[in-house]
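Welcome! Here are some short exercises to work through with the model open beside you. Try each task before you read its solution.

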Amino acid sequence: MIRIQVPATTANLGPGFDSCGLALSLYLTLDVGEPAEEWRIAHDLGGGIPTDASNVIIETALSIAPNLEPHHLKMLCDIPAARGLGSSSAAVVAGIELANILANLELTPERKVEIAAEIEGHPDNVAPAVLGNFVVGAKLDGEDFYVRHLFPDCALLAFIPKEVLLTSESRGVLPDQLPYKEAVKASSIANVMIAALLQNDLKLAGDMMERDLWHEKYRAKLVPHLKPLRELTKANGAYAACLSGAGPTILIFAPKSEGENLIQVMRNFDQTAKVLSLNVEGNGSTIFS
Ligand code: HSE
């Protein structure tokens, strides 16, 4: 049996909107079973997720290799759906890996990122889902540019509200245009964040993460928990709290020594939310056989 494992991802990290992403230690796991008459994908994720060829994993695989022989598949996924943790990117990457294996395509990691970014529209989630760790990318007129780098050692805590937020809704509140001066300022904040991360300076990077001008303020009305949680976690020693991707999950970056206390603080803040302590996933999508 072949097993495909694809990690969750957090995108943006504040000002790195549609560009920065980090792979996390939650996974979509796809077991590739025997050939069959028809495609079937078994899972326990509930009625909203198709179990036939209309599942996004199979659709993606067939869009790359239309003549694939149907197989029985089994999916396990601990990446919560529609929470801003890259569940749809993980499904797309799993579909690419499935096509790659069953059709012997010998896709390079670069080609996988290219295909996935084309499908998703931007590289921020898919690039770290394929490559692991921290990836800064740009998709420019169909060309992909990206740099993978190690992420500084820290506690990574996810505050996952029980309500879902669809990416389409969260992108729907963004403006069509930004005034030139505001865009220059927004870009300079992102530049300093990246430079600080490359120097392992999480204090400065965290300061920049919380000054995003691209998207968080427009999304604030959809994620009213961001502001109070940011104040609370900051007061308890965090470097930063950012909207994870399009939300509603908030990702908290903190010194390792503060992790345990912050988990408790966030659990007390909202007992209906899930609070997880995560690690950076260094490897990206992986095949076990
Ligand atoms: N960068 C994207 C966003 C991530 O914030 O909308 C979700 O696709």
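## Exercise 1: Meet the ligand's neighbours

Task: list the residues around the ligand, then sort them by class.

Solution. Start with the list. In this predicted model, the ligand is surrounded by Asn12, Phe17, Asp18, His122, Asp124, Asn125, Thr167, Arg171, Arg219, Gly245 and Ala246. A residue makes this list if one of its heavy atoms lies within 4 Å of the ligand. Next, sort the shell: two residues are nonpolar, five are polar and four are charged. Glycine goes with the polar group in this scheme.

## Exercise 2: Polar contacts and cover

Task: find out which atoms of the ligand pair with the side chains of aspartate 124, arginine 171 and arginine 219.

Solution. Begin with aspartate 124, where an N or O atom of the side chain is 2.5 Å from a nitrogen atom of the ligand. Move on to arginine 171: one of its polar side-chain atoms lies 2.6 Å from a ligand oxygen. Finish with arginine 219, which has a side-chain N or O atom 2.8 Å from an oxygen atom of the ligand. Now step back to the whole ligand: on its own it has 260 Å² of accessible area, and the protein covers 93% of that.

## Exercise 3: The pocket and the annotated site

Task: where does the ligand sit, and which residues of the UniProt "binding site" help line that place?

Solution. First, the ligand sits in the largest pocket. Second, look at the UniProt record: its unreviewed entry gives a "binding site" made up of Pro80, Ala81, Ala82, Arg83, Gly84, Leu85, Gly86, Ser87, Ser88, Ser89 and Ala90. Of these, Pro80, Ala81, Ala82, Arg83, Gly84, Leu85, Gly86, Ser87, Ser88 and Ser89 are in the lining of the largest pocket. Third, place one of them along the chain: arginine 83 is in the loop between strand E4 (71–77) and helix H2 (87–102).

## Exercise 4: Two backbone details

Task: what kind of peptide bond joins glycine 247 and proline 248, and what is the sign of phi at leucine 13?

Solution. Recall the usual pattern first: most peptide bonds are trans, and most residues other than glycine have a negative phi. The bond between glycine 247 and proline 248 is cis, with omega about 5°. Proline 248 belongs to the loop between strand E8 (240–243) and strand E9 (250–254). Leucine 13 has a positive phi, near 50°, and is found in the loop between strand E1 (2–11) and strand E2 (20–35).

Methods: Residues are numbered from 1 along each chain as its sequence is written. This is a predicted model: local features need pLDDT of at least 70, side-chain atom pairs count only at pLDDT 80 or more; totals for chains, interfaces and linings use all residues. Side-chain values use heavy atoms; hydrogens and water are left out. A polar contact is a pair of N or O atoms within 3.5 Å; within protein, one must be able to donate a hydrogen and the other to accept it, and residues adjacent in sequence count only if both atoms are side-chain atoms. Accessible areas come from the Shrake-Rupley method with a 1.4 Å probe; for residues, only the protein chains shown count as cover. On a 1 Å grid over the protein atoms alone, a cavity is a set of points where a 1.4 Å probe fits but cannot get out, and a pocket is an open set with protein on both sides within 12 Å along at least five of seven lines; lining residues have an atom within 4 Å of a point. A molecule sits in a cavity or pocket if more than half of its atoms lie within 2 Å of its grid points. UniProt positions are given in the numbering used here, feature names are shortened, and annotations may be inferred rather than shown by experiment. Helices (H or I, at least four residues) and strands (E, at least two) are DSSP runs, numbered from the N terminus.
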